[in-house]
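This briefing sets out selected features of one molecular structure, grouped by topic. Please read it alongside the sequence and the coordinates.

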Amino acid sequence: QKPTVIITGASSGLGLNAAAALAKSGEWHVVMACRDFSKAVSAAKRLGFPSGSYTVMHLDLASLDSVRQFVDAFRASGRRIDSLVCNAAVYLPTAKEPRFTADGFEVSVGTNHLGHFLLANLLLQDLEASPAANPRMVIVGSITGNTNTMAGNVPPKADLGDLSGLANGAVMIDGKEFDGAKAYKDSKVCNMLTMREFTRRYAGKSKVQFASLYPGCIAETGLFREHYDAFKTLFPLFQKYVTKGYVSEEEAGKRLAQVVSDPALNKNGVYWSWSNTKGAFENQVSEEVADDGKAVKLWEVSEKLVGLA
Ligand code: NDP
């Protein structure tokens with residue numbers, strides 16, 4: 001069997017383009033873990049994935065039952081797993097009212113963080129069983145959660161507070177009023193804290209290596225599907241010509257594929273970013289993401305919420 005990578009949300013944007021890069025390399029089998037089976041199949045065909053290089057499997061991260069069923073179905077398939085990419089996300093910047101997952105969590109944190117938190121914890125033992133020397137777990141982060149950057153300082157800023165909202169069943173992690181844009185940013189901070197806490201817990205005990213990344217501003221993906229039309233027109237232009245942070249879906253997909261497969265990026269606990277001149281480099285995380293106490297607390301609260309503790 002070829003090495004296998006599972007990519008969540010591989011039906012669109014970054015996940016789809018990373019899947020394409022890996023499937024077309026001829027070196028990987030890609031499991032596209034998607035909520036919309038037919039969308040994933042037609043996207044793979046549209047991008048010319050070689051036949052036999054991919055499998056589509058159903059996964060709805062907005063349901064913890066679905067996450068568990070996916071893990072069971074994947075194990076029953078008999079495939080090895082050498083890399084897991086937690087990529088899928090929803091972003092509801094214009095929502096006036098919160099929406100909820102099947103388990104009653106606000107949908108951005110429930111999908112982007114809690115669904116992936118359960119998936120990653122369940123599949124860790126399967127990654128351990130990989131014949132690869134260093135199987136990789138990649139959790140996609142974002143600059144928008146990084147308040148040490150310009151983009152991370154656009155209000156509303158990410159802020160998990162003391163996590164009492166998450167622990168007590170409030171809509172927002174900090175227990176304050178619902179804000180869809182902030183909920184997304186909070187969820188990306190959770191993604192990066194989770195990667196760091198995995199690294200801290202398993203360094204020296206596991207051969208699995210953990211990584212996060214900011215692939216650049218991929219201003220035209222489906223992530224912005226719920227944004228105002230004017231935003232969807234102007235944002236890519238702003239990113240291309242003003243911030244120069246714009247990256248095409250194809251290039252971003254290659255960057256994520258690099259974190260999965262490039263021997264040069266075989267390093268534990270790194271938040272990767274790219275510069276046009278230097279290529280991939282190890283980036284600094286924000287103060288909140290560097291807060292190891294918060295990472296422990298988030299882990300413990302999340303474990304209870306997804307039924308692992
Ligand atoms: P897209 O909207 O194009 O892709 C998101 C993917 O997540 C889609 O495949 C979507 O499925 C899937 N998804 C959403 N909800 C669920 C769910 N409940 N269960 C399973 N899959 C689900 O966005 P991007 O490609 O831009 O986003 C991918 C990642 O990149 C995210 O983690 C995002 O935070 C990150 N990112 C994006 C940046 C950007 O500029 N776009 C910048 C930095 C990070 P479906 O196709 O069915 O909708």
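Helix α1, residues 13-25, contributes three residues to the shell around the ligand, and no other element gives more. The model is a predicted one. The shell as a whole comprises 31 residues, and the points below move from that site to the nonpolar core, a helix pair, individual residues and the backbone.

**Ligand surroundings**

- Of the 31 residues that surround the ligand, the closest are Gly9, Gly13, Ala88, Thr221 and Gly222.
- By class, the shell around the ligand consists of 15 nonpolar, 11 polar and five charged residues.

**Nonpolar core**

- In soluble globular proteins, nonpolar side chains tend to be buried together.
- In this model the largest nonpolar core contains 94 residues.
- The residues with the most contacts inside that core are Ile7, Ala19, Leu22, Val30, Met32, Val85 and Val138.
- Ala19 is in contact with Ile7, Ala10, Val30, Met32 and Tyr54, when residues up to four places away in sequence are not counted.

**Helices α6 and α9**

- Two packed helices are described by the angle between their axes and the distance between the axes.
- For helix α6 (residues 180-202) and helix α9 (residues 292-305), the axes come within 9 Å and the crossing angle is roughly 95°.
- The two helices are therefore roughly perpendicular, since angles of 65 to 115 degrees fall in that class.
- On the α6 side, the contact involves Cys190, Leu193, Arg196, Glu197 and Arg200.
- On the α9 side, these residues meet Asp292, Lys294, Ala295, Val296, Leu298 and Trp299.
- The contact of α6 with α9 includes six nonpolar and five charged residues, with no polar residue.

**Tyr184 and Lys297 in these helices**

- Tyr184 belongs to helix α6.
- Tyr184 is buried because 24 other C-beta atoms lie within 10 Å of its own, where 20 or more suffice.
- Leaving out residues up to four places away in sequence, Tyr184 touches Tyr91, Leu92 and Ser108.
- Tyr184 and Ala21 are 163 residues apart along the chain, and their C-alpha atoms are separated by 27 Å.
- Lys297 is located in helix α9.
- Lys297 has 18 other C-beta atoms within 10 Å and is therefore partly exposed.
- Between the C-alpha atoms of Lys297 and Val56 the separation is 35 Å, with their positions 241 residues apart along the chain.

**Phe49 in a loop**

- Phe49 occupies the loop between α2 (37-46) and β3 (54-58).
- Phe49 counts as buried because 20 other C-beta atoms lie within 10 Å, and 20 or more is the criterion.
- Apart from neighbours within four places in sequence, Phe49 is in contact with Ala20, Ala23, Lys24, Ala44 and Tyr54.
- One of these contacts, Ala20, is 29 residues apart from Phe49 in sequence, with a C-alpha to C-alpha distance of 6.1 Å.

**Backbone features**

- The peptide bond joining Pro155 and Pro156 is cis, with omega about -5°.
- Pro156 lies in the loop between β5 (136-140) and α5 (164-168).
- Leu163 is also found in the loop between β5 and α5.
- Leu163 is a residue other than glycine with a positive phi, near 65°.
- Leu163 is partly exposed, given 19 other C-beta atoms within 10 Å.
- Lys244, likewise a residue other than glycine, has a positive phi near 60°.
- Lys244 is placed in the loop between α7 (229-243) and α8 (249-261).
- Lys244 counts as exposed because its C-beta neighbours inside 10 Å number 9, and 12 or fewer is the limit for that class.

Methods: Residues are numbered from 1 along each chain as its sequence is written. This is a predicted model: local features need pLDDT of at least 70, side-chain atom pairs count only at pLDDT 80 or more; totals for chains, interfaces and linings use all residues. Helices (H or I, at least four residues) and strands (E, at least two) are DSSP runs, numbered from the N terminus. A nonpolar core is a set of buried Ala, Val, Leu, Ile, Met, Phe, Trp, Tyr and Cys residues joined through C-beta atoms within 7 Å. Two residues are in contact if their C-beta atoms, placed from the backbone, lie within 7 Å. A residue is near a molecule or strand if its C-beta atom, placed from the backbone, lies within 6 Å of it. Ala, Val, Leu, Ile, Met, Phe, Trp, Tyr, Cys and Pro count as nonpolar, Asp, Glu, Lys and Arg as charged, and the others, Gly among them, as polar. Axes are lines fitted to C-alpha atoms, for helices over the stretch in contact, and angles run from 0 to 180 degrees between N-to-C directions. Angles under 35 degrees count as roughly parallel, over 145 as roughly antiparallel, 65 to 115 as roughly perpendicular and the rest as oblique.
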